[in-house]
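Biologist: I am a first-year student, and I should be grateful for a close look at a single part of this protein. Please choose one element, and explain with care how it is placed among its neighbours.

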Amino acid sequence: MSRLTIYQDNYINSTVISNRFIDEYMEAANDAQLKIYLYLIRMMSARLSTSISDIADKFNYTEKDVMRALKYWEKQRLLALEYDENKNVTGIHLMDFAPFSIAPAAAPVPSVSVTTAPPLASVVPISTKENTYVKPNYTLDELKAFKSDEATSRLLFITEQYLKKTLSPNEVRTILFISDKLGFSEDLIDYLIQYCVDRDKKDLRYIEKVAISWAQQGITTPKQAARLADKYEKSVYEIMKALGKNSVPTQTEVSYIMRWTKEYGFTTDVIFAACERTVLATDKHRFEYADSILNNWYKAGVHHANDIQSLDEHYQKTRASKPAVSNKFNQFKQNTYDFETLEQELLSN
């Protein structure tokens with residue numbers, strides 16, 4: 001099929017969208033976030049004012065949905081929110097795109113004015129990254145307000161159906177934390193609960209850890225979460241299990257696994273061989289330990305499991321050519337690596 005040329009006839013009364021936004025930000029954003037950001041650009045271009053309630057009415061969203069979208073773009077540093085002493089949003093500054101590889105500029109570009117709206121329980125300043133994932137000690141009044149919302153009430157009911165039990169106040173706090181601080185939409189929380197229950201994980205503490213892991217990786221929609229699961233789940237969790245770990249993988253652990261599979265290009269049988277030697281050698285720092293083994297194999301040109309055997313045989317021949325040292329354990333096959341020395345190095349770091 002031939003390529004299409006797109007022409008524009010009306011050059012007046014149009015809204016200009018940066019290519020940087022399309023290339024770098026559009027894919028990760030959900031529908032609500034995209035609509036609201038584009039609407040803000042349109043309002044700024046026309047020098048028109050708006051409000052949280054106006055935006056909610058415009059797209060048939062709740063004001064809480066609008067605030068989630070605004071907070072999302074604030075985290076992306078594409079806008080900055082202004083508040084009054086009552087924590088009501090009074091202004092939205094649309095920020096310049098940061099130059100490539102340079103921190104975002106501090107000076108904002110012209111802003112969209114926002115009329116003062118009634119107080120919203122969800123309107124709070126964005127936390128720093130260190131505090132974003134710390135669950136606040138929500139009061140009973142905050143829990144009551146959270147549960148009284150129609151959408152929230154529906155979400156809690158669905159959660160109880162999935163978990164087959166009535167949620168305790170602490171468990172409701174967890175759902176509130178995921179919604180309030182992590183900024184998960186109702187659809188994403190629904191998918192999160194279903195995802196964990198399908199894996200026979202019904203503990204809210206486990207579900208909270210999965211939610212934090214998704215938030216750290218920028219997951220904002222069920223589609224993104226499903227894509228992440230399809231991409232990582234099988235290999236990541238099999239390797240975690242091979243290292244004797246049953247917890248949710250951290251970002252650091254995932255980065256190790258991605259290095260082994262993507263950068264080193266190892267197949268799972270090679271990685272499993274390293275995991276087996278690691279588990280036999282140490283109970284601590286297993287990812288670092290396995291990484292040392294795999295790094296040595298990568299440098300030695302290992303590509304398949306058979307290459308490991310050849311490497312071990314070469315090592316044995318090298319040792320056999322050296323003067324024998326009296327050792328009552330010499331009758332056992334020696335590994336390619338001095339595991340005791342390696343473990344001491346890891347533990348000293």
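Modeller: The answer below follows one helix, its two partners and then the wider setting.

This is a predicted model, in which local features need pLDDT of at least 70 and side-chain atom pairs count only at pLDDT 80 or more, while totals for chains, interfaces and linings use all residues. Residues are numbered from 1 along each chain as its sequence is written, and side-chain values use heavy atoms, with hydrogens and water left out.

The protein has 16 helices and three strands (DSSP runs, H or I of at least four residues for helices and E of at least two for strands, numbered from the N terminus). Of its 349 residues, 38% are buried (buried means under 20% relative accessible area, exposed over 50% and partly exposed in between, with a 1.4 Å probe and protein chains only).

The part chosen here is helix α3, residues 52-59. Its residues I52, I55 and A56 are buried. These three lie on the same side of α3, because they cover an arc of only 100° around the axis (the arc is that of the directions from the helix axis to the C-beta atoms). On the face turned away from this buried side, α3 carries the exposed residues D57 and K58. Just after the helix, N60 takes a positive phi of about 60°.

What does the buried side of α3 pack against? The buried residues of α3 pack against α2 (31-45) and α4.

Consider α4 (residues 63-75), whose axis comes within 8 Å of that of α3 and crosses it at roughly 105° (axes are lines fitted to C-alpha atoms, for helices over the stretch in contact, and angles run from 0 to 180 degrees between N-to-C directions). The two helices are therefore roughly perpendicular to each other (65 to 115 degrees; under 35 counts as roughly parallel, over 145 as roughly antiparallel and the rest as oblique). Here I52, S53, I55 and A56 of α3 meet E63, V66, M67 and L70 of α4 (contact means heavy atoms within 4.5 Å). By class, this contact has six nonpolar residues, one polar and one charged (Ala, Val, Leu, Ile, Met, Phe, Trp, Tyr, Cys and Pro are nonpolar, Asp, Glu, Lys and Arg charged, and the others, Gly among them, polar).

The two partners of α3 also meet one another. The axes of α2 and α4 come within 9 Å and cross at roughly 75°, which makes α2 roughly perpendicular to α4. From α2, the residues A32, Q33, L34, I36, Y37 and L40 meet D65, V66, A69, L70, Y72 and W73 of α4. Ten residues of this contact are nonpolar, one is polar and one charged. V66 and L70 of α4 thus appear in the contact with α3 and in the contact with α2.

Finally, the wider setting. The largest nonpolar core has 34 residues, and I175, I178, L182, F184, L192, V210 and W214 have the most contacts inside it (such a core is a set of buried Ala, Val, Leu, Ile, Met, Phe, Trp, Tyr and Cys residues joined through side-chain atoms within 4.5 Å). Its largest share, eight residues, comes from α10. Apart from it lies another core, of 25 residues, among them I41, M67, L78 and L81. M67 is also one of the α4 residues that meet α3.
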